[in-house]
There are 2 protein chains.
Amino acid sequence: MSKEITSRQVDYSQWYNDLIIKGELADYSAVRGCMVIKPYGFGLWENMRDALDKMFKDTGHVNAYFPLFVPKSLFEAEEKNAEGFAKECAIVTHYRLKNDPENKGKLIVDPEAKLEEELVVRPTSEAIIWNTYKGWIQSYRDLPILVNQWANVVRWEMRTRLFLRTAEFLWQEGHTAHATKEEALEETLKMLDVYAEFAEKYMAVPVIKGVKTASERFAGAEDTYCIEALMQDGKALQAGTSHFLGQNFAKAFDVKYSDKNNQLDYVWATSWGVSTRLIGALVMAHSDDDGLILPPKIAPLQVVIVPIYKNEEQKSLIDAKVNHILHGLKTKNIRVKYDDSDNNRPGWKFAEYEKKGVPVRLALGVRDLENNVIEIARRDTKEKQTYSLDNAVATIEALLENIQQHMFDKALAFREQNISNADNWDEFVRLLDEKAGFIAAHWDGTAETEEKIKELTKATIRCIPLNNPQEDGKCVLTGNPSKERVLFARAY
Amino acid sequence: MSKEITSRQVDYSQWYNDLIIKGELADYSAVRGCMVIKPYGFGLWENMRDALDKMFKDTGHVNAYFPLFVPKSLFEAEEKNAEGFAKECAIVTHYRLKNDPENKGKLIVDPEAKLEEELVVRPTSEAIIWNTYKGWIQSYRDLPILVNQWANVVRWEMRTRLFLRTAEFLWQEGHTAHATKEEALEETLKMLDVYAEFAEKYMAVPVIKGVKTASERFAGAEDTYCIEALMQDGKALQAGTSHFLGQNFAKAFDVKYSDKNNQLDYVWATSWGVSTRLIGALVMAHSDDDGLILPPKIAPLQVVIVPIYKNEEQKSLIDAKVNHILHGLKTKNIRVKYDDSDNNRPGWKFAEYEKKGVPVRLALGVRDLENNVIEIARRDTKEKQTYSLDNAVATIEALLENIQQHMFDKALAFREQNISNADNWDEFVRLLDEKAGFIAAHWDGTAETEEKIKELTKATIRCIPLNNPQEDGKCVLTGNPSKERVLFARAY
């Protein structure tokens, strides 16, 4: 069988694209920079979304839906936010097409159907939401507002990559309003914790929690907190952000509340989001040269069963046993498929489900039936083992948990091996080039130095970790004094 | 207390808007024709969506996601579809804003960032999806494709109404591909059945299944099947449609498959959708002058408990009992809220939950505790009754089922009373004006007559019911011969 997936060593970037396309997560589309999320990829997203949605609801949030379009006058109200997104937004200017008088069957934009005010397709929804909150908030009794939205957003990126950077993407955006600064800060960090827990427990991707430097902040935020993950090529990936917005949007949209003493003050805000980009992180954190490796908790399919038979008589013996196992697995809410299609041979099926990253594969033949055993292969380590058929369901259930934990442990060990201290410039550059990963180094705290390092090495400050140990040191570039190390990396 | 909701008798249309706004389902937005779906309304939509999604999956469908934008050249490929939607679509022409040199802090569209090809914001996704399916389908082995998408779509309606007709709305759109005409037709009718079952079992809204006349067909369909519901003002509302698309889109996008004999043929298609418009139908089918009346199966909140106390000592006695009931209800997955907030008096709370249509309200005071009873009020009939506290949970569970059934029965009785036969033009006009509702009348089968009747009366043919009895008759307008009655109504 020809090798369908390019090896990581040969071309990491092509490997990634092969995994997405051949693992049937997504497809290119006819629209520049936009992708089609295929059923298998969408099934993965649904599992991620449902788990996150439950975590949001368990922490007191509710969902709502706000318009796709932001009138230009609202878009420009919060100046920094507008400046940050103006360069890459899709703009609706007309509301009708008409027949092209010069080309039968073709349509042209009707110049008479020009909008009085242009509409920006939301790149993020602070503007439209805070304009709405103005009508919802009068008194402290109306606070907090803890709202989340699952939506599509559009950012006109020039260089796009499947899942990692697309013109349109799916995400959730939480937008909360609070009476006090303390409460808003607490919410910001609470949601950062939710994201970190989701990444680690569901995606099996360890993350570092930290705060961004001023130059890496969300446009319009006072502080941006983030979770940063490490990919197999040693590059970092920002997997989620939680912003403390201060009173910036409340001021831009004049949203005040009266407190218990009838004093008026501006409302405090947060926003936080993760997107389908997480799927890119998931793919790059775990997969190998044979295809995807998906963690059981969110895998669309957790178990696949492949029968091995030569005739219908054998098949019906196997079917009977498999139906028993299927029933047992479904009772445990395990997502299982029995692939007894005639179209392809077992070997083809094995390769197919390997490519798609199904965590556990069972193979069952007549000889196995005679011996009352079943062959179970795990995708992550590629180990195969024969187990008794008697307690197959319990074996599989335990194995799924084991795989989930093992995937996390492996990714964590990799990350721990790839955090290095650099104490001078030469070491910094050498580590970046030879080892990549996160580099913990002293920085003098200035935007100029940060920018200079980025120019010289393409490495950016990923974050200043939370609870960062304080120690005296010297900036790796300028030698100026510093009180703590920050994490540098080249990043997606 | 001042009457917050306009009575149906005074102003039906204002009554509807009051229900939506004061019941906190939705809010107007700053974007022309777009609304904000508030958390309570979105909770309702989530319950509807989840129930439908399960029904789709149980019938073998999977979800996927396709781009928001349709390049103009794809949009115009299926001529009738393009013609049908060209007049009301939002068009993206540019991808960047820049600072207005003449107005500091303002932005203008950057004329240098004009798209080579305009993008239509999807009003429906047949074009972008069939262009994608072209790459997915080669052989009969790739069929059927049974895909659904939950998405937002935009149709630039000039006269909008909350939920019923908005420029942007949320919906699901199923898009299936089949090897044979028979299979596609079967799918079309299967999904019509799913919609009818959902409307009746979950929304408690009885519907008539039928097929549209040629002039009311979806643009690009061979046949459009629909479910039609009756509102309290006697107007009909199309609640869902399922289209048999024939080979129209396969031909427009050149999607062929090779069959078992290696013969090439165009693929057969269906599409089907329901939208947030269903919420408008739900509101108008059941509510009264005191507010919303929501069916238990999809109500965001099924039960609310209001404590009645004069001091903290009384309150803690009540709390203890309520916690017991809360636990029992939650164990049964009943959505319940204990409103023990100090901000408002019980009477205010009663009115509030009545307005929001919560199916069951419990009130509990110390006297009730002494008597070991609880007062239970049902929203639909406004009956109040005192029950033993001992089996409160079982009582409530049974009551919720009873309410669901009663709401359906009532709506069905109303509809049955409002289907009338008209055998001549005078009767037709009189019934329409005096009684409204559905009018079953003979029609000569021509588009001209249909159009003329619409001009004269604003009534349209809602559908030709499935399994329609055949009988000889004469067209109410022209007197020409007819073989069956069709259903006319004025409609939303």
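Here's a quick briefing on a helix crossing, an enclosed helix, a pair of cysteines and one buried asparagine. The model is predicted. In chain A, H9(A) and H12(A) cross obliquely, and H8(A) is largely enclosed by the rest of the structure. Over all chains, a search of the whole structure turns up 0 disulfides.

**H9 against H12 in chain A**

- Two packed helices are described by the angle between their axes and the distance between the axes.
- For helix H9 (residues 312-331) of chain A and helix H12 (residues 392-417) of chain A, the axes come within 9 Å and cross at roughly 45°.
- That angle is neither under 35 degrees nor in the 65 to 115 range, so H9(A) and H12(A) count as oblique to each other.
- As for handedness, the crossing of H9(A) and H12(A) is right-handed.
- On the H9(A) side the contact involves Ile325(A), Gly328(A) and Leu329(A), and these meet Ala392(A), Val393(A) and Ile396(A) in H12(A).
- Sorted by type, the residues of this H9(A)–H12(A) contact come out as 5 nonpolar, 1 polar and no charged.

**H8 in chain A**

- Helix H8 (residues 277-286) of chain A has 10 of its 10 residues buried, so the rest of the structure largely encloses it.
- The buried set in H8(A) includes Arg277(A) and His286(A), along with residues such as Leu278(A), Ile279(A), Val283(A) and Met284(A).
- What do the buried residues of H8(A) pack against? Their helix partners in chain A are H1 (12-22), H2 (39-58), H6 (181-201) and H12, and they also pack against strands E13 (236-246) and E16 (268-275).

**Two cysteines in chain B**

- Cys226(B) is in no disulfide, and its nearest cysteine sulfur, in Cys463(B), sits 4.6 Å away.
- Seen from the other end, the cysteine sulfur closest to that of Cys463(B) is in Cys226(B), and 4.6 Å is too far for a bond, because a disulfide needs the sulfur atoms within 2.5 Å.
- Is Cys226(B) buried or exposed? Cys226(B) counts as buried because its relative accessibility is 0%.
- Cys463(B) is buried as well, at a relative accessible area of 1%.

**Asn81 in chain B**

- Asn81(B) belongs to helix H4 (residues 79-86) of chain B.
- With a relative accessible area of 3%, Asn81(B) is buried.
- Setting aside neighbours within four places in sequence, Asn81(B) is in contact with Thr124(B), Glu126(B), Phe218(B), Ala219(B), Gly220(B) and Phe249(B).

Definitions and conventions:
Residues are numbered from 1 along each chain as its sequence is written. Chains are lettered from A and ligands numbered from 1 in the order in which they are written. This is a predicted model: local features need pLDDT of at least 70, side-chain atom pairs count only at pLDDT 80 or more; totals for chains, interfaces and linings use all residues. Side-chain values use heavy atoms; hydrogens and water are left out. Axes are lines fitted to C-alpha atoms, for helices over the stretch in contact, and angles run from 0 to 180 degrees between N-to-C directions. Helices (H or I, at least four residues) and strands (E, at least two) are DSSP runs, numbered from the N terminus. Angles under 35 degrees count as roughly parallel, over 145 as roughly antiparallel, 65 to 115 as roughly perpendicular and the rest as oblique. A crossing is left-handed if the near helix is turned anticlockwise from the far one by less than a right angle, and right-handed if clockwise. Contact means heavy atoms within 4.5 Å. Ala, Val, Leu, Ile, Met, Phe, Trp, Tyr, Cys and Pro count as nonpolar, Asp, Glu, Lys and Arg as charged, and the others, Gly among them, as polar. Buried means under 20% relative accessible area, exposed over 50%, partly exposed in between (1.4 Å probe, protein chains only).
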